[in-house]
Amino acid sequence: MLPQDPYILLSYVNTKLRDEYSSLSDLCDGLDISEAELTEKLAGAGYAYDPAVNQFKPA
């Protein structure tokens, strides 16, 4: 179960990307979550995925 609070979700996802997954696609496949839903939820908090650093950063 993913955190519902967008800022806790941001921390959780960025930690997973840093420590366990080489891309957003790999993370979503590994956690069986929708990439579109995840990016939309974090976009609502003002963050966008940056593949160059494999992290969500302020948009």
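Turn on the surface of the protein. The accessible area comes to about 3,700 Å², and 51% of that belongs to carbon and sulfur atoms. Keep in mind that this is a predicted model. Of the 59 residues, 27% count as buried.

**The whole chain**

Switch to cartoon. Three helices and two strands appear. Trace the chain from the N terminus: the elements run α-α-α-β-β. The radius of gyration is 10 Å, close to the 10 Å that the globule rule gives for 59 residues, so the protein is as compact as a globular protein of that length. Draw a box along the principal axes. The C-alpha atoms fill roughly 25 × 25 × 20 Å.

Now show contacts with a sequence separation of 6 or more. Residues 24 or more positions apart account for 45% of them.

**The loop between α2 and α3**

Select Asp-32. This residue sits in the loop that joins α2 (24-31) to α3. Check the backbone: phi of Asp-32 is near 55°, a positive value in a residue other than glycine. Is Asp-32 buried or exposed? Its relative accessible area is 72%, over the 50% cut-off, so Asp-32 counts as exposed.

**Both ends of α3**

Move on to Ser-34. Helix α3 covers residues 35-44, and at its start a side-chain oxygen of Ser-34 comes to within 3.4 Å of the backbone nitrogen of Ala-36. Show both residues as sticks and draw that distance.

Then follow α3 to its other end. Gly-46 comes after the helix, with a positive phi near 95°.

**The hairpin**

Select residues 47-50 and 55-58. These are strands β1 and β2, and they pair in the antiparallel sense over four bridges. Pick Tyr-47 and look across to β2: its bridge partner there is Pro-58.

Next, zoom in on the turn. Four residues lie between the two strands of the hairpin. Which residue in the turn has a positive phi of about 55°? Select Asn-54, in the loop between β1 and β2. Like Asp-32 earlier on the tour, Asn-54 is a residue other than glycine with a positive phi near 55°. Asn-54 has a relative accessible area of 11%, under the 20% cut-off, so this turn residue counts as buried.

**Gln-55, from β2 to Asn-14**

Step to Gln-55, which belongs to strand β2. Show its side chain. The side chain reaches the backbone oxygen of Asn-14 at 3.0 Å. Now display what surrounds Gln-55, leaving aside neighbours within four places in sequence. The residues in contact are Asn-14, Leu-17, Arg-18, Ala-48, Tyr-49 and Asp-50.

**The aromatic pairs**

Show the aromatic rings. How many aromatic pairs does a search of the whole structure find? There are two.

Start with Tyr-7 and Tyr-47. Their ring centres are 6.5 Å apart and the planes stand at 80°; that angle is over 60°, so the pair is edge-to-face. This pair links distant parts of the chain: Tyr-7 is in helix α1 (residues 6-19), Tyr-47 is in strand β1, and 40 residues separate them. Colour the two by accessibility. Tyr-7 has a relative accessible area of 48% and is partly exposed. Tyr-47, at 21%, also counts as partly exposed.

Now select the other pair, Tyr-49 and Phe-56. The centres lie 5.4 Å apart, with 55° between the planes, and the pair is tilted. Which of these two rings belongs to a buried residue? Phe-56 does: its relative accessibility is 4%, under the 20% cut-off, so it counts as buried. Tyr-49 has a relative accessible area of 22% and is partly exposed.

**Last view**

Keep Tyr-49 selected and bring Gln-55 back. Tyr-49 is one of the residues in contact with Gln-55. It also forms the tilted pair with Phe-56. Add Asn-14, whose backbone oxygen the Gln-55 side chain reaches at 3.0 Å. Finish with Tyr-7 and Tyr-47, where an aromatic pair links helix α1 to strand β1.

Definitions and conventions. Residues are numbered from 1 along each chain as its sequence is written. This is a predicted model: local features need pLDDT of at least 70, side-chain atom pairs count only at pLDDT 80 or more; totals for chains, interfaces and linings use all residues. Side-chain values use heavy atoms; hydrogens and water are left out. A polar contact is a pair of N or O atoms within 3.5 Å; within protein, one must be able to donate a hydrogen and the other to accept it, and residues adjacent in sequence count only if both atoms are side-chain atoms. Two strands pair if DSSP finds at least two bridges between them. The radius of gyration is taken over C-alpha atoms; the globule rule is 2.2 Å times the number of residues to the power 0.38. Buried means under 20% relative accessible area, exposed over 50%, partly exposed in between (1.4 Å probe, protein chains only). Contact means heavy atoms within 4.5 Å. Accessible areas come from the Shrake-Rupley method with a 1.4 Å probe; for residues, only the protein chains shown count as cover. Rings of Phe, Tyr and Trp (its six-membered ring) pair if their centres lie within 6.5 Å; planes under 30 degrees apart count as stacked, over 60 as edge-to-face and the rest as tilted.
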